[in-house]
Amino acid sequence: MPKEDSKRVITFANHDDYVAFRHHTYKKDKNQVDLIEIGPRFQLRLYEIKLGTLEAESAADTEWALRPYMNTAAKRRFLSDDDGWQQEDDF
């Protein structure tokens with residue numbers, strides 16, 4: 001539960017599949033609010049989402065996982081010599 005007199009704000013914002021972390025304090029002046037960034041500042045990239053709790057992590061099912069080279073696997077299959085897709089006689 002936040003304290004009523006706390007002037008600290010932490011922001012998690014999603015930008016192009018990266019989660020940006022920002023840490024601010026604020027001041028209220030009549031009708032205006034001023035944000036002051038105090039740091040730290042960093043970005044996170046989601047690696048994996050698992051269904052379950054931390055106690056049962058080994059038994060949890062993976063809902064989503066980052067696979068940066070997944071689309072190139074299909075291309076590699078078509079370019080290999082062992083699939084018989086292209087032969088010298090066809091030229």
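# Chat about the model: salt bridge, rings and loops

Me: How many salt bridges does the structure hold?
Reply: Just one salt bridge in the structure. Keep in mind that this is a predicted model.

Me: Which side chains meet in the salt bridge?
Reply: Glutamate 37 and arginine 41, with 2.9 Å from N to O.

Me: And arginine 41, is that buried or exposed?
Reply: Exposed, because its relative accessible area is 54% and the cut-off for exposed is over 50%. Glutamate 37 is partly exposed, with a relative accessible area of 34%.

Me: OK, stepping back. What pattern does the protein follow along the sequence?
Reply: β-β-β-β-β-β-α. That comes to six strands and one helix.

Me: What share of the residues is buried?
Reply: Buried residues make up 8% of the 91 residues. The accessible surface is about 9000 Å², and carbon and sulfur atoms account for 51% of that.

Me: What about contacts between residues at least 24 apart?
Reply: They make up 8% of the contacts in the protein between residues at least 6 apart in sequence.

Me: Let's talk rings. How many aromatic pairs does a search of the whole structure find?
Reply: Two aromatic pairs turn up. In one of them, phenylalanine 21 and phenylalanine 42, the ring centres are 4.5 Å apart and the planes sit at 15°, so that pair is stacked.

Me: Where are those two in the chain?
Reply: Phenylalanine 21 is in strand E2 and phenylalanine 42 is in strand E4 (residues 42-45). They are 21 residues apart, so the pair links distant parts of the chain.

Me: Which residues do the ring pairs link into a cluster?
Reply: Phe12, Phe21 and Phe42.

Me: Why does phenylalanine 21 count as buried?
Reply: Because its relative accessible area is 11%, and buried means under 20%. Phenylalanine 42 is partly exposed, with a relative accessible area of 34%.

Me: What else does phenylalanine 21 touch, beyond residues up to four places away in sequence?
Reply: Its contacts there are Ile10, Thr11, Phe12, Pro40, Arg41 and Phe42. Isoleucine 10 is eleven residues away from phenylalanine 21 in sequence, and their C-alpha atoms are 7.3 Å apart.

Me: Where is histidine 23?
Reply: Histidine 23 is in strand E2 as well, which covers residues 18-29. The residue is buried, at a relative accessible area of 10%.

Me: What lies 2.8 Å from a polar atom of its side chain?
Reply: The backbone oxygen of glycine 39. Past its neighbours within four places in sequence, histidine 23 is in contact with Arg8, Val9, Ile10, Ile36, Glu37, Ile38, Gly39 and Pro40.

Me: Back to glycine 39, then. What kind of peptide bond joins glycine 39 and proline 40?
Reply: A cis one, with omega at about 0°. Most peptide bonds are trans. As for location, proline 40 lies in the loop between strand E3 (32-37) and E4.

Me: What about the backbone of lysine 30, where is phi?
Reply: Phi of lysine 30 is near 50°, which is positive, and lysine 30 is a residue other than glycine. Most residues other than glycine have a negative phi. Lysine 30 is in the loop between E2 and E3.

Me: Is lysine 30 buried or exposed?
Reply: Exposed, at 88% relative accessibility.

Me: Switching to the surface. Which residues make a nonpolar surface patch?
Reply: Leu46, Ile49 and Trp64 make a patch of about 250 Å².

Me: How exposed is tryptophan 64?
Reply: Partly exposed, with a relative accessible area of 38%. Tryptophan 64 lies in strand E6, residues 61-65.

Me: And leucine 46, where does that sit?
Reply: In the loop between E4 and strand E5 (48-51). Leucine 46 is partly exposed too, at 39% relative accessible area.

Me: What does leucine 46 touch, leaving out residues up to four places away in sequence?
Reply: Asp17, Trp64 and Leu66. So tryptophan 64 is a contact of leucine 46 as well as part of its patch. Leucine 66 is 20 residues from leucine 46 in sequence, with 7.2 Å between their C-alpha atoms.

Conventions. Residues are numbered from 1 along each chain as its sequence is written. This is a predicted model: local features need pLDDT of at least 70, side-chain atom pairs count only at pLDDT 80 or more; totals for chains, interfaces and linings use all residues. Side-chain values use heavy atoms; hydrogens and water are left out. Helices (H or I, at least four residues) and strands (E, at least two) are DSSP runs, numbered from the N terminus. Buried means under 20% relative accessible area, exposed over 50%, partly exposed in between (1.4 Å probe, protein chains only). Contact means heavy atoms within 4.5 Å. Accessible areas come from the Shrake-Rupley method with a 1.4 Å probe; for residues, only the protein chains shown count as cover. A polar contact is a pair of N or O atoms within 3.5 Å; within protein, one must be able to donate a hydrogen and the other to accept it, and residues adjacent in sequence count only if both atoms are side-chain atoms. Rings of Phe, Tyr and Trp (its six-membered ring) pair if their centres lie within 6.5 Å; planes under 30 degrees apart count as stacked, over 60 as edge-to-face and the rest as tilted. Patches are made of residues with over 30% relative accessible area and no salt bridge: like charges are joined within 9 Å, nonpolar side chains (Val, Leu, Ile, Met, Phe, Trp, Tyr) within 5 Å. A salt bridge is a side-chain nitrogen of Lys or Arg within 4 Å of a carboxyl oxygen of Asp or Glu.
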